[in-house]
Amino acid sequence: MPSRPNFLKSFPSSALIILIAVILSLSIAQAAFAAEGQKASHPSEGLFLVQIILLVVSGRLLGELMVRIGQPSIMGQIIAGIILGPSLLGMVFPQAQASLFPSDQAQKSMADSVGQLGILFLLLLAGMETDLGLAKRLRKSATGVSLMGIVIPFAAGFALGELIPDALLPDPQKRLVTSLFLGTALSISSVKIVATVVREMDFMRRDIGQLIVASAIIDDTVGWVIIAITFGLAEKGTVDLTTLATSVTGTLTFMAVSFTVGRRIVFEIIRWTNDNFRSDLPVLSAIIAIMGTMAIITNLIGVHTVLGAFVAGILVGESPILTRQIDVQLRGLTAALFMPVFFGLTGLQTDLTVLANPSILLLTAAIVVIASIGKFGGAFAAAKFGGYSASEALALGCGMNARGSTEVIVATIGLSVGVLDEKLFSVIVAMAVITTMAMPPTLRWALARLPLREEERNRLEREEFESGSFLGNFERILLTVDGSQSSRLATWIAAFFVMTRKMPVTVLDVRKPASPDRGAEMASATAEAAQSQAKTAAQELRKCATDLLSAASPDANLATESDIHITVRDRNGELGTVLGDISSTGHDLLFTGIEPSMGEDGRFSEPLQIMRSAFKGTSAIVTARGTPPKRPQDLRILLPVSGTERSIRAAEFGLVIAKAAGAHCALLLIVEPRQVRAIPRISDRGNDNRVVLKAVGEIAEYYHVELEKVVQEGPSPELSILRHARSGKYNLIVLGVSKRASGGLSYGSVADTLLQTADRSCIFIETDLATSAAVPS
């Protein structure tokens with residue numbers, strides 16, 4: 001007899017846990033009511049806690065079951081609510097259900113308030129998951145698929161609303177607004193469900209997977225605008241042209257301001273909060289405040305608060321710093337509390353017993369058919385018109401036919417404003433559950449039929465490289481300066497990374513402020529000089545970045561001026577303490593150019609040693625020697641490699657500089673003569689040189705940099721480097737290094753010799769440290 005799948009083996013235990021939770025909750029509820037007596041005028045706090053715990057636990061368990069059978073977890077949370085509501089528990093144990101979830105409005109409002117917060121947090125998270133870059137790249141195809149997929153089911157749903165008998169409407173006088181709500185509920189896909197299924201199938205990076213998600217993003221964005229405007233009309237009860245014009249104008253103005261000035265404001269709030277607060281999770285509090293403020297603004301202009309929360313999520317998701325940490329923190333709070341409570345309450349409000357009425361059952365079937373055919377047909381037709389194959393169009397149609405959380409939120413809003421009654425609300429929730437549960441298996445079937453095109457294979461290979469790139473892990477740059485030539489060169493290097501990697505930079509003057517005992521005026525003058533130097537470096541960095549942008553070709557994929565984020569910070573304490581504080585705020589890449597770079601012992605100077613010890617990320621020490629080039633384009637870069645992972649990472653670092661500066665770049669592979677080795681090593685294999693050259697060559701090809709390749713044999717790597725740098729007139733050497741265990745800061749004999757004797761500039765990159773700073777508090 002075949003063994004049962006794992007999820008079936010665990011199902012009895014899950015069912016038992018749910019049963020125990022229900023029994024315990026019933027006991028606690030009865031005890032709470034017995035203790036409180038007849039306090040009918042005051043809601044029970046104990047019962048409120050019972051409701052929340054029951055919704056969270058049952059939603060989590062059934063959500064786990066849904067995930068194991070290939071369905072979204074929110075389906076389990078909705079089903080948990082349906083089980084606890086009038087559809088099942090209310091039929092079997094009506095008194096117990098009424099005791100757990102009484103109809104008293106004061107009691108209901110306690111749990112509903114958590115559900116209302118849940119809507120805002122769900123939309124905030126949905127906005128953070130919205131990839132505007134993907135939507136922009138595929139805007140032509142995705143817009144066509146999205147609009148066709150919205151217009152057809154919207155028109156069908158609106159027509160159905162106009163044809164529904166008056167007996168099925170909550171208020172026949174508001175038929176028009178009810179029809180608008182029906183059209184909206186049938187037309188919008190859930191980007192969260194779509195993206196989850198596409199990601200689970202490992203199709204997120206495939207062309208068709210990206211098109212499905214991009215279309216869902218546009219779908220969701222347009223949908224929330226429609227919902228916000230429809231809600232404004234619902235509050236009036238009729239379509240008033242003045243109200244409509246005010247809602248549309250206010251929405252467009254809000255969107256325009258949000259995606260221009262608002263983007264910068266949100267980033268600055270996140271950065272300032274992260275860099276200045278030391279208490280736990282300050283950024284999370286700032287984001288909640290941003291979400292609440294934008295929700296209030298949309299409410300004031302006459303549209304629903306969900307639009308403000310959704311747009312806030314998009315702006316937070318586009319922040320160039322801390323996106324991973326923010327996502328983890330918000331996702332944990334939302335998934336653990338708000339999602340199971342909101343979707344559980346939705347299930348509680350859904351009364352599937354109304355389907356016993358033949359007319360309601362027929363209406364449900366009609367809505368499911370209209371929603372599925374309209375959405376599938378619109379997406380399929382748009383894909384075919386866009387030149388996609390039948391199998392690709394089939395996958396698009398299947399992928400867009402998932403409502404999930406979006407329709408549930410729409411239905412909840414409609415119920416709250418009175419344009420939907422409990423019958424229509426239950427019908428829409430049933431439609432959302434049916435179409436969402438049908439989407440994953442149909443999409444999996446359709447995606448499995450798609451072939452991999454040659455150009456798509458090439459793109460996937462490039463993206464695979466980027467995901468494993470050494471430089472792909474960095475998020476924020478710290479640039480330390482002191483007004484020297486090394487500072488100027490380090491500023492250039494930082495600008496190159498700003499343009500190619502779109503990384504924000506903090507500039508810090510590391511010169512020691514004057515002691516108070518030397519006089520207040522001298523201390524003030526020193527502080528002003530440091531601030532002035534840091535501002536000068538910031539201005540030079542911005543100028544270099546904009547000059548690179550103006551000289552770059554249109555397909556260079558460099559950052560725009562709006563992507564350049566530069567912050568100036570004062571040194572307000574001991575150097576080690578300041579560097580430690582900064583590295584704990586998400587800075588993970590240090591560019592330092594200070595003089596003198598060498599101490600009396602021939603190793604790196606004491607300030608560099610302090611900075612390297614205090615900074616928790618990757619360090620790049622810049623030393624300027626010889627005549628500095630007047631322009632970044634005048635750089636000639638030499639990349640010495642030895643076959644180690646460290647040197648290949650440093651080569652990628654140098655190739656990014658070459659790409660941004662448009663500089664000449666050469667690879668120098670140093671091989672020790674075989675005859676001097678007493679013991680053969682693994683690296684003596686004949687194809688090792690070719691492996692190294694190929695690895696660095698692929699990196700150069702990815703960055704579109706022409707690379708000169710030289711193999712040089714000699715017993716002294718440092719002499720080979722200096723000899724080749726002089727003969728080829730290279731003015732910048734980029735070397736990967738690793739710290740040696742010693743009293744001072746030393747990176748070994750090669751680096752120490754270059755530090756002491758090189759007559760041209762060098763960058764020493766400590767590539768084997770952790771590539772990210774500590775997670776900020």
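This is a short tour of a predicted model, stop by stop.

**Stop 1: the main core**

Select I78, I326, L330, F343 and I367. These residues have the most contacts inside the largest nonpolar core, which has 96 residues. Next, colour helix α6, residues 105–128. This helix gives the most to the core, with 12 residues.

Now centre the view on I78. Which residues does I78 touch, leaving aside its neighbours within four places in sequence? Show F343, G347, V408, V429 and V433: I78 is in contact with each of them.

In general, nonpolar side chains in soluble globular proteins tend to be buried together.

**Stop 2: a second core**

Select W492, C544, I657 and V671. They are among the residues of a second core, separate from the one at Stop 1. This second core has 64 residues.

Keep V671 on screen and add S720. The two lie 49 residues apart in sequence. In space, their C-alpha atoms are 9.9 Å apart. S720 sits in helix α27, residues 717–727. Is S720 buried or exposed? Its relative accessible area is 3%, so S720 is buried.

**Stop 3: aromatic rings**

The whole structure holds 10 aromatic pairs. Begin with F591 and F653. Their ring centres are 5.7 Å apart, and the planes meet at 70 degrees, an edge-to-face pair. F591 belongs to strand β4 (residues 589–592), and F653 to helix α25 (residues 645–661). The pair therefore ties together parts that are 62 residues apart in sequence. Both F591 and F653 are buried. Add F497 to the selection: ring pairs link F497, F591 and F653 into a cluster.

Move on to F604 and F764. Why is this pair edge-to-face? The ring centres of F604 and F764 are 5.2 Å apart and the planes are at 80 degrees, so the pair falls in that class. F604 is in the loop between β4 and α24 (606–614), while F764 is in strand β10 (residues 761–766). This pair ties together parts that are 160 residues apart in sequence. F604 and F764 are both buried.

**Stop 4: a patch on the surface**

Switch to a surface view and select I83, L88, M91, V92 and F93. What do these residues form? They make a nonpolar patch on the surface, with about 480 Å² of accessible area together.

Finish on I83. This residue lies in helix α3, residues 73–84. With 34% relative accessibility, I83 counts as partly exposed, because that class runs from 20% to 50%.

Note on methods
Residues are numbered from 1 along each chain as its sequence is written. Side-chain values use heavy atoms; hydrogens and water are left out. A nonpolar core is a set of buried Ala, Val, Leu, Ile, Met, Phe, Trp, Tyr and Cys residues joined through side-chain atoms within 4.5 Å. Buried means under 20% relative accessible area, exposed over 50%, partly exposed in between (1.4 Å probe, protein chains only). Helices (H or I, at least four residues) and strands (E, at least two) are DSSP runs, numbered from the N terminus. Contact means heavy atoms within 4.5 Å. Patches are made of residues with over 30% relative accessible area and no salt bridge: like charges are joined within 9 Å, nonpolar side chains (Val, Leu, Ile, Met, Phe, Trp, Tyr) within 5 Å. Accessible areas come from the Shrake-Rupley method with a 1.4 Å probe; for residues, only the protein chains shown count as cover. A salt bridge is a side-chain nitrogen of Lys or Arg within 4 Å of a carboxyl oxygen of Asp or Glu. Rings of Phe, Tyr and Trp (its six-membered ring) pair if their centres lie within 6.5 Å; planes under 30 degrees apart count as stacked, over 60 as edge-to-face and the rest as tilted.
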